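Work through the exercises below with the model open. Try each task before reading its solution.

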Amino acid sequence: MQEAPDISERGGDSDPAEAEEGKVLLRLVGATKRFGGTVAIHNVSFDIRAGEVLALLGENGAGKSTCVKVLAGVYPPNEGSVEMGGKARVWDSPLSAQRAGIAVMHQHPGLFPDLSVAENIFFGRFPETSLGVIDTGAMADRAAEILDTIGLDVSPSQPLRTLSVSEQQLVEVARALSSDADILIMDEPTAALSHREVQKLFAVVAQLKARGVGIVFVGHRMDEIFDVSDRIAVLRDGELLTVEPADVLTRQDAINLMAGRTLVAGYPERDQPPGDVILQVEDLSRAGEYSGISFNVRAGEVLGIGGLVGSGRTEVARTIFGITRPSSGDIAIDGAPVRIGSPGEAMRKGIAYVSEDRLSQSLIAEFPIFVNGSLTVLERCTHHGLLQREREIGAVKEQLERLKLRYASFDQEISGLSGGNQQKVVLAKWVATRPRILILDEPTQGIDVQSKAEVHAMIADLARQGLAIVLISSEMPELLGMCDRIVVLNEGRQVATFDRAEATAPKVLEAATRSAAPVDAGPETHEVPEAPAQQSFAQSLRNLLKRREVGLLVAILAVIIPVTIINPRMMSPANLTPLTMDAALLGFVALGQMLVILTRNIDLSVASVIGLTAYTSAGLMSANPELPAIAGVAFACVLGAGLGSINGLIIAYGRVPSIVATLGTMSIFRGLHSLWAGGDQISADEVPAHWLALAGTEVLGIPLIVLLAVVVLAVAAFVLSRTRWGRELYGVGSNPGGADLIGIPSTRRIFSAFVLAGALAGLTGALWASRYATVDARVAFGFELTVVAAVVVGGVAIRGGSGTVLGIVLGALALLIIRNGLVLVRVDPLWLQGIYGLVILVAITIDAKIAARHERRLQRRATP
């Protein structure tokens, strides 16, 4: 059995002598990296030493993350090299760097929300038994040890998406520690962490230093940089300016080097008195999130909201902006009570909200700057109903110039900007709405010192113009330096309010961290305590009832019972046998579709593959009746795999969107089928009897097709849940970018999913031809809709990364039972298809609402 790594012992392939403190573990030598005509870093050299922390300091876009990705094997340098043990090393992928003893925590965690905490920690390095199966027990035990080391109290089996942002960041820390690396690179590891969690992380860093691990720390918070670092490397515009001991380089010198000029590290002066109260919040509560929040904000005032991550700060902001509804309490604007039911309504009332998560909630990465900037003011950018580029640019140009946005042109994609410049676009977008109330949630998170100064200046300027500003921040200096008053939340309750004159870091921290009564989770959580044994059984039962598969079983029974009452033939062997055979055929192809959808793709060509393989396999048996039936099945599977590989090549390697590619191949395959058939059909009397007997054969009274389906689906369920390939397939769909950062071959995984889907469609085609005997150019015409519906109803998420084999089996059964039931209750054939489609639509709608409710429950769990 493969052992899980232990951070208490040194690993990697370096010489043991290099563990001695101060020894050079790795060097970046003269590294240059270009992207097209843009030089990200030029001739950068520094070394990483055992038992030391080297900080990389610089503005956004200075080249820090590029250096990290070159070291980690994500990017190969165009010039220069990475050296270990005095020898140049070439990383084929991030996995090569990991195997050499380099662990990386990237700026944007490459985690997989649909996988468990333990799977995230060991993703790409799963401990396996001698049979090549993931050792889930060893993985869970080792994950629990590491989680305990970093002080994260969660279950290793817990889905990652149920954790808060800060807890997920700590899982990223745990993953880095699990690799037993000689070198640990931490790119913005504290951006989403509270003060208390940062201290836990730094305690772990101290332990690693004592064991001789060399650490690279990338960050923007100057206090943290100088607290944790032994040496500091400063970069500007892709070039290394200096590497100095942390006790020699002063903070002001570091700031000036980064900026290229003297930049005073302070906060803008504001001495104008506040005006009238604009926003008033009175006893605002939301069950399970926060309770009894009351404050007001005046014109020209900056009100800070402090507290640990998860204390309810963001949740209060989202309620004021209309994203969520309060359970009780009042919101008033200019003294008049208001009900805000949506963000659109909030914007009409003069409220703007800058979210803490700019990447997923505030920006569209593939869109250019001017489009992102004008999204909130599109009505001002049209002429006779048509958008005009000049007006879109004009809507935000003034704000972007004020913030000194660094960009190539307004047509540049947002994804090509640094984090600080992205945040400037977000701010400009909302300021362009000309709000009266501006809510800023972590507006300077992850941006450099100069960008922070520009954002702070803008906030002060907006306050001078009379805006009422709510500033949520995890950075204590920012709260103390920018805010006129600070409201402190603790576990969803308001525990203190400080005026600017009395607010100090110790006071705010003490209020934010002292024990507080938990927020009432609402009437739904008031349960009678149970005895331990009863509690265990009841909890297990509740967990079982929450499973999507149980809901599908209930839906199936809800159809079977009334139909059986109306027509007892529903449960007769004469009805159940063909029904299970149809379910087996649908199960094969639904499994293939599931594999594809898990990777965030879709295969619309599946029915045409079934039709083409059905006709060709029947044609083969007709022309060669002496061949065994298995030869026809094998031929269909190989042909299906070949057609699937065409889809895979176009989509995985050609980067063509799957819905476009498979829509095209669907027509091509169907056209080939029609040309081949030439209007003819292959009937039962043209194929050998043993070919027709294949589908009708029974073993112990059970159709062979059904037994084969059970075996194939059971094996697939095991492979997907217990093997490296299966879990990596889920990971690729859950977070493609994260898989690439780790070095998982996502392109090959996607290709293999399409090949297998094609092979399963070919198997279905052969069995279809055997079962229905007569085949022509219309075999399985329109069947792709049923396949996709079965997979979606079965719980496979279209967004990828989530779903079970049992779910698709039940989804397929549910659809076939609905159709069968409609026939048995004698629905007019002319109405059958329409009613069937309506029932599917209703089923999918109900299922989507159940899934959304489940997701909201998970989100509430993720907000402590």
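**Exercise 1.** Determine the handedness of the crossing between H20 and H28, then the relative direction of the two helices.

*Solution.* The model is predicted. Start with the handedness: H20 passes H28 in a left-handed crossing. Next, take the axes. Those of H20 (residues 573-598) and H28 (residues 746-772) come within 7 Å and cross at roughly 165 degrees. Angles over 145 degrees count as roughly antiparallel. Therefore H20 is roughly antiparallel to H28.

**Exercise 2.** Describe the contact of H20 with H28 by residue class.

*Solution.* List the partners. H20 contributes residues including Met-581, Leu-585, Phe-588 and Leu-595. From H28 come, among them, Phe-754, Leu-760, Leu-767 and Trp-768. Now sort the residues of the contact: 18 are nonpolar, two polar and two charged.

**Exercise 3.** Place strand E19 among its partners and decide whether its faces are covered or open.

*Solution.* Take the partners in turn. E16 (residues 351-354) pairs with E19 in the parallel sense over four bridges. Here Tyr-353 stands opposite Ile-439. E20 (residues 468-472) also pairs with E19 in the parallel sense, over five bridges. There Asp-441 faces Ile-472.

Now split the faces. In a regular strand, side chains alternate between the two faces of the sheet. One side of E19 holds Ile-437, Ile-439 and Asp-441, the other Leu-438 and Leu-440. Each of these residues is buried, and both faces are covered.

**Exercise 4.** How many residues of helix H1 are buried, and what follows the helix?

*Solution.* Count first: six of the eight residues in H1 (residues 64-71) are buried. Among them are Cys-67, Val-68 and Leu-71. Then look past the helix. Gly-73 follows H1, with a positive phi near 85 degrees.

Technical notes
Residues are numbered from 1 along each chain as its sequence is written. This is a predicted model: local features need pLDDT of at least 70, side-chain atom pairs count only at pLDDT 80 or more; totals for chains, interfaces and linings use all residues. Side-chain values use heavy atoms; hydrogens and water are left out. Buried means under 20% relative accessible area, exposed over 50%, partly exposed in between (1.4 Å probe, protein chains only). Axes are lines fitted to C-alpha atoms, for helices over the stretch in contact, and angles run from 0 to 180 degrees between N-to-C directions. Angles under 35 degrees count as roughly parallel, over 145 as roughly antiparallel, 65 to 115 as roughly perpendicular and the rest as oblique. A crossing is left-handed if the near helix is turned anticlockwise from the far one by less than a right angle, and right-handed if clockwise. Contact means heavy atoms within 4.5 Å. Ala, Val, Leu, Ile, Met, Phe, Trp, Tyr, Cys and Pro count as nonpolar, Asp, Glu, Lys and Arg as charged, and the others, Gly among them, as polar. Two strands pair if DSSP finds at least two bridges between them.
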